[in-house]
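The exercises below ask for a close reading of charged pairs, burial and helix geometry. Each task is followed by a solution that goes step by step.

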Amino acid sequence: MPQTDDRPQTKTTDDRQGHTTPATEPVPQSHPYPRQAPYRELLTIGTPIILGQVGVILVSFVDNMMVGRYHTDHFAAASFVNNLFALVYVLGIGFAYGLTPLVTTAWTQHRPHKAGALLRHSLALNLVLALVSALVMGLLYFRLDLFNLPPELAPIARPYYLLQLLSFLLFMAFNAFKQYFDGIGKTSVGMWAVVGANGVNVLFNWLLIYGVGGFPEWGLSGAGIATLLSRVLTFLLVLLYFFYGPDFRASVRGFCSMYWSPRNLRRLLKIGIPVGTYSGVETASFTIALIFVTQLGKIPLATHQILCVVTTIGFFIYYGLGAATTILVSKYRTLGQLDEARRITSAALRLCIAAACLAMSIMYLSKGFVGYLFTDERAIVEMTSIALIPVILYQLGDAIQVLYANALRGMEDVTHLAVYASLTHLVLEPGLAYLFGFHLGIEDLGLQLTAIWSAFPIGLLLLGIILRRRFLRVTSPHKA
């Protein structure tokens, strides 16, 4: 009689009832995450994710620096388009996150065939979401006038917008494979793929933005083409590693099987939709802030882009530690060791707080000159030094909410996560941003921008406290 999906097996591994893999098929002979000291566990898994994110952030810095030094109008147009697309990118990333704990569970139970089948289901769902998002963003392309974009920026923004649309489809395909590799503990795979593709991105930025070596001078459009080429390379790298890597033969067979499991789809949707909602509404709050900032003019809009880039100094560390927490909490949940899930999350909290303090110190010490990395315009640099204050203040709340959101993802307890995040990011923060920015009698544009950003420290800290209480509740001793 076939076994159900949730029962660990000793003689066969399966994707679903009626489709088994012989016991002679290679499967992991030891647990992929042997117990270590909590900090070592977190850093072993999380460091490659952090380094991969460092690569992403560095390229984002380089992109913005190159475009900013090319022309302020191109920089402002990039700010507008990137902030619009941030919503669908983060929604897509969050949705793909649903795969990680499920793959970790399958791998913990020594069922690599099922992990491959889950990857196939996740890839299909990711591509459906990507196509729907691309359709929505494609329709929005024809109504950019709704955002009061300055007329001189529209001809620059439109080609770049279409290139971002194509890049998003490749990004979502890559993300499914990255979450699979993260789920089985091979977090360095995504890191190396991203680092390699980033080198291509920087090279073609240099060639196509400025027209070096006989290449056309395309400005912001050149940056968009460089991003597209790097996304093609990233996807090809993880695809080849999965299909030709010696450790994934069982997973490849599961991936290539023709059976589609409604249960696998439901489980991915059950986690992916709330986590995608959580990630999406957080970015939506920044998109709403972008709409507010657009009304202030080009200088605040360019400054807003700098703030969005600088704030990632801390986020890539919180994200890496949070992803490691998801993997380890999922492992301990599968083994029924909720006390260990709490132990690892407490250790991660201490690391995140230390990272937040470091990020705050770096931002504070560099706030007077960080704007010069992106532009020589003194007005933008001075506005950045003032508007960075709320960005500095919200690092602690951001660290806490990222960590506990990922811990809840590892527990597969994400419905409440979406509700709490929606109330915070779609109601509280936009309301405070509008109140602070336009109803306190502030006339100086730099102070208005600072006031709009001041809504985020309040919202993120409150959300972090709420998510922490939820995690402690679902991992309380009687739950074990």
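A search of the whole structure finds eleven salt bridges, a salt bridge being a side-chain nitrogen of Lys or Arg within 4 Å of a carboxyl oxygen of Asp or Glu. This is a predicted model, in which local features need pLDDT of at least 70 and side-chain atom pairs count only at pLDDT 80 or more, whereas totals for chains, interfaces and linings use all residues. Residues are numbered from 1 along each chain as its sequence is written, and side-chain values use heavy atoms, with hydrogens and water left out.

**Exercise 1.** Determine how Lys178 and Asp182 are placed relative to each other in sequence, and whether each is buried or exposed.

Solution. Begin with the pairing itself: the side chains of Lys178 and Asp182 form a salt bridge with an N to O distance of 2.8 Å. The two residues stand four apart in helix H5 (residues 154-183), and so are separated by about one helical turn; helices here are DSSP runs of H or I with at least four residues, numbered from the N terminus. For accessibility, buried means under 20% relative accessible area, exposed over 50%, and partly exposed in between (1.4 Å probe, protein chains only). Lys178, at 9%, is buried, and Asp182, at 2%, is buried as well.

**Exercise 2.** Which parts of the chain does the salt bridge between Asp247 and Lys186 tie together?

Solution. First, the closest N and O atoms of Asp247 and Lys186 are 3.6 Å apart. Next, Asp247 lies in the loop between H7 and helix H8 (249-256), while Lys186 lies in the loop between H5 and helix H6 (187-210), so the pair joins parts that are 61 residues apart in sequence. Finally, Asp247 is partly exposed at 47% relative accessible area, and Lys186 is partly exposed at 29%.

**Exercise 3.** Describe the surroundings of Thr100, starting from its helix.

Solution. Thr100 belongs to helix H3 (residues 99-108) and is buried, with a relative accessibility of 2%. Its side chain makes a polar contact of 2.6 Å with the side chain of Gln179. Beyond neighbours within four places in sequence, Thr100 is in contact (heavy atoms within 4.5 Å) with residues including Asp182 and Arg409.

**Exercise 4.** Why can helix H14 be called largely enclosed by the rest of the structure?

Solution. Helix H14 covers residues 395-410, and 15 of its 16 residues are buried, which is why the helix counts as largely enclosed. Just after H14, Glu412 takes a positive phi of about 55°.

Terms used
A polar contact is a pair of N or O atoms within 3.5 Å; within protein, one must be able to donate a hydrogen and the other to accept it, and residues adjacent in sequence count only if both atoms are side-chain atoms. The expected span of a helix is 1.5 Å times one less than its number of residues.
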